[in-house]
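Welcome! Please open your viewer, keep the sequence panel visible, and follow along stop by stop.

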Amino acid sequence: GIFAPLLAYIARPRLRILRRIERFREEHFKGKQVVGMQIRRQMRKGKDKEGAATTEEHVAMHFKCAREALSRAQGEVVYFLATDHEATRLTARKQLGDSLVHLNGTIDSSRGGMEDAVVDMWLLGECDQLVVTGGSTFGFVSHGRTKKKPWLIPLEKPIPSSSSSSSSSSPNNNNNTSSSWEKPRCEREVTCEPCFHMWPMMMAQSCYKGKLEDAMKEFGQLNCRPWDMELFSFK
């Protein structure tokens, strides 16, 4: 893989941040089996990210997947949570009790909040197993940096319907029924290498001479969902 060495070359946390990471590892990870959970919510006003674990069902699937990831672990098990949603921390505490650990940092876009996010991201990659939210760059960087194949809760996907009365709004819309969206599931990624959303736009350019069928073969990763292709015309 090329992502890890490239990231190590261009992105190196400052010494004080590395010291924070090491202190947390020593206190909470040493001698334990650790599964990291990255649960993307971003439910701040005006910042909701449609299709990124925004339902309670998807949050619950992260916990279920994390338990499965460490089902054969020997010794003490710890669950590390990285999230951008305070309420999810409380939910996780109810689900996992004292086996849950997380950074007691701020969740905002201040300088301190961004530094806490870097600490979260680096700690997530240090876990023995990773459960990440599909389509989230935060998760991509965490597992790509340490070359670990993650467990994935894929992006929510609307189920096509021929009914004209079906709602096409987000899963947060109260008028939307649960049957309008695929149920969440836990899947193991086939590679540690990240996949980013925007690179398929290359195939939408007039200079791209490949065929759609050839392009689709490159979408083997679960993080690179084939329905992203629906955004583009390749005629």
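Which pattern does the chain follow, read along the sequence? Switch to a cartoon view and trace the chain: the pattern is α-α-β-α-β-α-β-α-β-α-β-β-α. In total the chain has seven helices and six strands. Keep in mind that this is a predicted model.

**Stop 1: the whole chain**

Show the surface for a moment. The accessible surface of the chain comes to about 13,300 Å², and 52% of that belongs to carbon and sulfur atoms. The chain has 235 residues, of which 45% count as buried. Contacts tell you something too: among those between residues at least 6 apart in sequence, 66% join residues at least 24 apart.

**Stop 2: the sheet**

Hide the surface and select the strands. What is the order of the strands in the sheet? The order is E3-E2-E1-E4-E5-E6, in an open sheet of six strands with mixed pairing. At the edges you will find E3 (100-102) and E6 (187-188), each of which pairs on one side only.

Now select E5 (residues 151-153) together with E6. These two strands run antiparallel and are joined by two bridges. To see partners facing each other, click Leu152: its bridge partner in E6 is Glu187.

Next, select E1, residues 33-39. Is this strand enclosed or open to the outside? Six of the seven residues of E1 are buried, so E1 is largely enclosed by the rest of the structure. E1 has a partner on each side in the strand order, E2 and E4. With E2, E1 runs parallel and shares seven bridges. Click Gly36 and you will see Phe80 of E2 opposite. With E4, E1 also runs parallel, this time with three bridges. Here Val35 stands opposite Gln129 of E4.

**Stop 3: helices on the sheet**

Keep the sheet on screen and add H5, residues 111-125. H5 lies across E1, E2 and E4 (129-133), and runs at about 145° to E2.

Then add H2, residues 15-29. Which strands does H2 touch? H2 packs on the sheet and touches E1, E2 and E3, with its direction making about 170° with that of E3.

**Stop 4: the aromatic rings**

Show side chains for Phe24, Phe29 and Phe80, which form one aromatic cluster. A pair of aromatic rings is described by the distance of the centres and the angle of the planes. In the whole count there are three aromatic pairs. Take Phe24 and Phe29: their ring centres are 5.8 Å apart and their planes are at 85°, so this pair is edge-to-face. Both of these residues, Phe24 and Phe29, are buried.

Now turn to Phe24 and Phe80. This pair is edge-to-face as well, with 5.7 Å from centre to centre and 75° between the planes. Phe24 sits in H2 and Phe80 in E2, so to speak a link between distant parts of the chain, 56 residues apart. Phe80 is buried, and so is Phe24.**Stop 5: the salt bridges**

Show the charged side chains. How many salt bridges does a search of the whole structure find? The search finds 10.

Begin with Glu115 and Arg20, a salt bridge whose closest N and O atoms are 3.2 Å apart. This pair links distant parts of the chain: Glu115 belongs to H5 and Arg20 to H2, 95 residues apart. Is Glu115 buried or exposed? With a relative accessible area of 16%, Glu115 is buried, while Arg20 is partly exposed at 23%.

Next, find Glu26 and Lys30, which form a salt bridge with the closest N and O atoms 3.6 Å apart. Glu26 is partly exposed, at 43% relative accessible area, and Lys30 is exposed, at 58%.

Then click Lys32 and Glu76, another salt bridge, with the closest N and O atoms 3.9 Å apart. Lys32 lies in the loop between H2 and E1, and Glu76 in the loop between H3 (56-69) and E2 (77-83), so the pair ties together parts that are 44 residues apart in sequence. Lys32 counts as partly exposed at 24% relative accessibility, and Glu76 is partly exposed at 48%.

For the last selection, pick Arg16, Arg20, Glu115 and Asp116: salt bridges that share partners join these residues into one network.

Key:
Residues are numbered from 1 along each chain as its sequence is written. This is a predicted model: local features need pLDDT of at least 70, side-chain atom pairs count only at pLDDT 80 or more; totals for chains, interfaces and linings use all residues. Side-chain values use heavy atoms; hydrogens and water are left out. A salt bridge is a side-chain nitrogen of Lys or Arg within 4 Å of a carboxyl oxygen of Asp or Glu. Helices (H or I, at least four residues) and strands (E, at least two) are DSSP runs, numbered from the N terminus. Buried means under 20% relative accessible area, exposed over 50%, partly exposed in between (1.4 Å probe, protein chains only). Rings of Phe, Tyr and Trp (its six-membered ring) pair if their centres lie within 6.5 Å; planes under 30 degrees apart count as stacked, over 60 as edge-to-face and the rest as tilted. Contact means heavy atoms within 4.5 Å. Accessible areas come from the Shrake-Rupley method with a 1.4 Å probe; for residues, only the protein chains shown count as cover. Two strands pair if DSSP finds at least two bridges between them. Axes are lines fitted to C-alpha atoms, for helices over the stretch in contact, and angles run from 0 to 180 degrees between N-to-C directions.
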